[in-house]
Amino acid sequence: MKNILVTGGAGYIGSHACKALKAAGYTPVTYDNLITGWQDAVKFGPFEQGDLLDRARLDEVFAKYQPAAVMHFAALSQVGESMKDPGAYWRNNVVGSLNLIEAAVDAGCLQFVFSSTCATYGDQDGVTLDETCVQQPINAYGASKRAIEDMLENFGQSHGLRSVIFRYFNVAGGDPEGEIGEFHQPETHLIPLMLDAIDGKRPALTIFGTDYDTPDGTCIRDYVHVCDLVDAHVKGVEWLQGGKDSTVFNLGTGDGFSVREVVAYSAEVTNKVVPIVEGERRPGDATKLVSGSSRAIRELGWTPKRSSLKLMITDAWRWHQSGHYEK
Ligand code: UDP
């Protein structure tokens, strides 16, 4: 079985990717520093603890497993935090990815699947966000991911590294079998915070801004189920294994939901009241991020199966009531 090095394999999306890789016949090797990840979530292949900033440790792991490809999830990923501490984003995400890319190239591993973000597009009112769209991030998180995309292009030109870049919209839901799920500490994402408010773990959900230029005044996002998202990543590995060129795909459904709409769906799915408080805008938030592209469906053969908002909230709610990890 081919090894795939999964950085961030102990995190929310990375752990779901490991499960999907195993199901597709690969051995996912998790490389994670466990700062935001959970060793309990590493269930589908070997675990190697390490930091992206530790080049010697990366070299050791490449030599030990000789991976066919890298799937790179490990990153700081919070828009709000990135505006408070941009240095952490440039160091961990950009310098860390540079180490990883150089280690991969030096080890002769020239296939790279990268977790990027629609935050690289920034706030482009009225523009259809497809893969050809100009990237003008409005927060340090998006800027760090755009820089890594540029790096991959340069290493492709000079060293023959081939990459599939996925620009995610908002990832939600969890493993339908309940083996793994979304669990961050501290939590910052809309759906898990809302579920906390619903079952009393928090007093209320604060809506960040009600004066945006949208029909109900709250931000609009495009939510995609984590299982659909990681299925695309397995197809990304197959794309590279099949010898195809570097490329980039948006991963979203093309449907936008406002924060208030997500609140309404959550109330319906859980059959409970969502306590809300209306608050200030969160710095760095774009008004509307909705994918304007179905290129992954057409060209990668991606078939999203669980990405209705109701199903995502249903899967998240099931995990929320039963699942968590311990340090
Ligand atoms: N949001 C909110 N209250 C919260 C967390 C998030 O109103 O406690 C909003 C946030 O402003 C954004 C949307 O929900 O418009 C999704 O935010 P999240 O942090 O989940 O993902 P992001 O879009 O930042 O990747």
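How do the residues of the shell around the ligand divide into nonpolar, polar and charged? I would like to begin there, and I should say at once that what we are looking at is a predicted model. The answer is that nine of the shell residues are nonpolar, four are polar and three are charged.

Let me now go around that shell with you. The ligand is surrounded by 16 residues, and the closest of them are Leu190, Thr206, Phe208, Arg282 and Asp285. If you would like to find the shell by following secondary structure, please look for helix α6, which runs over 190-198, and strand β8, which runs over 205-208, since each of these supplies at least two residues of the shell. Of the contributions to the shell, that of β8 is the greatest, at four residues.

Turning to individual polar contacts, I will take the ligand's oxygen atoms before its nitrogen. A polar side-chain atom of Asn170 sits 2.9 Å from an oxygen atom of the ligand, and a polar backbone atom of Leu190 is found 2.8 Å from an oxygen atom of the ligand. At Thr206 it is again a polar backbone atom that takes part, lying 2.7 Å from a nitrogen atom of the ligand. As for how much of the ligand is covered, on its own it has 510 Å² of accessible area, and the protein covers 90% of that.

Finally, a word on annotation, which I offer with some caution: an unreviewed UniProt entry lists residues 4-252 as "domain: NAD-dependent epimerase/dehydratase". In this model that span is 38% helix and 19% strand, and its end C-alpha atoms are 24 Å apart.

How values were computed
Residues numbered from 1 in each chain as written. Predicted model: local features only at pLDDT ≥ 70, side-chain atom pairs only at ≥ 80, totals over all residues. Heavy atoms only, no water. Near = heavy atom within 4 Å. Polar contact = N/O pair within 3.5 Å; in protein donor to acceptor, adjacent residues only side chain to side chain. Areas by Shrake-Rupley, 256 points an atom, 1.4 Å probe, with all protein chains shown as cover. Nonpolar A, V, L, I, M, F, W, Y, C, P; charged D, E, K, R; others polar. UniProt positions renumbered as here; feature names shortened; annotations may be inferred.
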